Amino acid sequence: MQKTEQQENATFDAFISYNHKDKPFAIKLEKALENYKPPDIYGVPQRRLRIFRDEEDMLGTDYYDAIDKRLSESGKLILLCSPAIRKSKFVEDEIRRFVKKYSAK
C-alpha cells in the first residue's frame, strides 16, 4: 500500500483512538510505539515513531476542532478494539473523520 502525500508529511505517524476505559493499555501502547526503532534490515527510516493519544494534547480545547487538527496531522489511525469501544460515540466519530479525510484525497 502506497502512502499518500498527507501521510508522508504527517506530524504524527499514528493517532490512537480508544475508549478511556482502556486508557492503561493505550498508554502502554503509546510508549511502546514511541520507544520502538525498526532494525536496519527493513530499509525504513531509523527514527522513533510520533504517536498522538488525546489524553494530554486536548485539555482545554474545543474537542471537535482539536480532533480534526490531530487527525489531519496523523498518517495512520490505530483503533484499540475492546468491548468498551462499541459504546463510544467519540471513537466512532474519530473513525468517521479519519476515513473522510483520507477518502476525500
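Two aromatic rings count as a pair if their centres lie within 6.5 Å. With that in hand, here are the close-ups, all taken from a predicted model.

**View 1. Three phenylalanines gather into one aromatic cluster.** Phe 12, Phe 15 and Phe 52 make up the cluster. Across the whole structure, a search turns up five aromatic pairs. Phe 15 will come back in View 6, since it is also one of the residues that Leu 71 touches.

**View 2. The whole chain, for orientation.** Five helices and three strands make up the secondary structure, and they run along the sequence as α-β-α-β-α-α-β-α. The chain has 105 residues, and 37% of them count as buried. Look at contacts with a separation of 6 or more, and 71% of them link residues 24 or more positions apart. As for the surface, the chain exposes about 7,300 Å², with carbon and sulfur atoms supplying 55% of that.

**View 3. Two aromatic pairs, one edge-to-face and one tilted.** Start with Tyr 63 and Tyr 64, whose rings sit 4.8 Å apart, centre to centre, with 85° between the planes, an edge-to-face pair. Tyr 63 is the buried partner, at a relative accessible area of 17%, while Tyr 64 is partly exposed at 40%. Now move to Phe 98 and Tyr 102: their ring centres are 4.6 Å apart and the planes meet at 50°, so this pair is tilted. Both residues belong to helix α5, four residues apart, or about one turn of the helix. Phe 98 and Tyr 102 are both buried.

**View 4. Helix α5 and its two sides.** Helix α5 covers residues 89–103. Its 15 residues reach 21 Å from the first C-alpha to the last, close to the 21 Å expected at 1.5 Å a residue. Which residues of α5 are buried? They are Val 91, Asp 93, Glu 94, Arg 97, Phe 98 and Tyr 102. Seen down the axis of α5, these buried residues fall within an arc of 160°, so they line one face of the helix. Turn to the other side of α5 and you find Lys 89, Arg 96, Lys 100 and Ser 103, which are exposed.

**View 5. Salt bridges, from pairs to a network.** Side chains of opposite charge can pair when their charged atoms come close. The structure holds eight salt bridges, and a few of them are worth a look here.

- Glu 73 pairs with Lys 69, and their closest N and O atoms are 2.6 Å apart. Glu 73 counts as buried at 16% relative accessibility, whereas Lys 69 counts as partly exposed at 46%.
- Glu 73 also has a salt bridge with Arg 70, where the closest N and O atoms are 2.9 Å apart. In this one, Arg 70 and Glu 73 are both buried.
- Glu 92 and Arg 96 meet through their side chains at 2.3 Å, N to O. Both lie in helix α5, four residues apart, about one turn of the helix. Glu 92 is partly exposed at 39% relative accessibility, and Arg 96 is exposed, with a relative accessible area of 52%.
- Asp 13, Arg 47 and Arg 50 are joined into one network by salt bridges that share partners.

**View 6. Leu 71 and its surroundings.** Where does Leu 71 lie? Leu 71 is in helix α4, which spans residues 63–72. Its relative accessibility is 0%, so it counts as buried, the cut-off being under 20%. Leaving aside residues up to four places away in sequence, Leu 71 touches Phe 15, Leu 77, Glu 94, Arg 97, Phe 98, Lys 101 and Tyr 102. Several names there are familiar from View 4: Glu 94, Arg 97, Phe 98 and Tyr 102 are among the buried residues of α5. Take Arg 97 as one example: 26 residues separate Leu 71 and Arg 97 in sequence, yet their C-alpha atoms are 7.6 Å apart in space.

Methods
Residues are numbered from 1 along each chain as its sequence is written. This is a predicted model: local features need pLDDT of at least 70, side-chain atom pairs count only at pLDDT 80 or more; totals for chains, interfaces and linings use all residues. Side-chain values use heavy atoms; hydrogens and water are left out. Buried means under 20% relative accessible area, exposed over 50%, partly exposed in between (1.4 Å probe, protein chains only). Contact means heavy atoms within 4.5 Å. Accessible areas come from the Shrake-Rupley method with a 1.4 Å probe; for residues, only the protein chains shown count as cover. Rings of Phe, Tyr and Trp (its six-membered ring) pair if their centres lie within 6.5 Å; planes under 30 degrees apart count as stacked, over 60 as edge-to-face and the rest as tilted. The expected span of a helix is 1.5 Å times one less than its number of residues. The arc is that of the directions from the helix axis to the C-beta atoms. A salt bridge is a side-chain nitrogen of Lys or Arg within 4 Å of a carboxyl oxygen of Asp or Glu.
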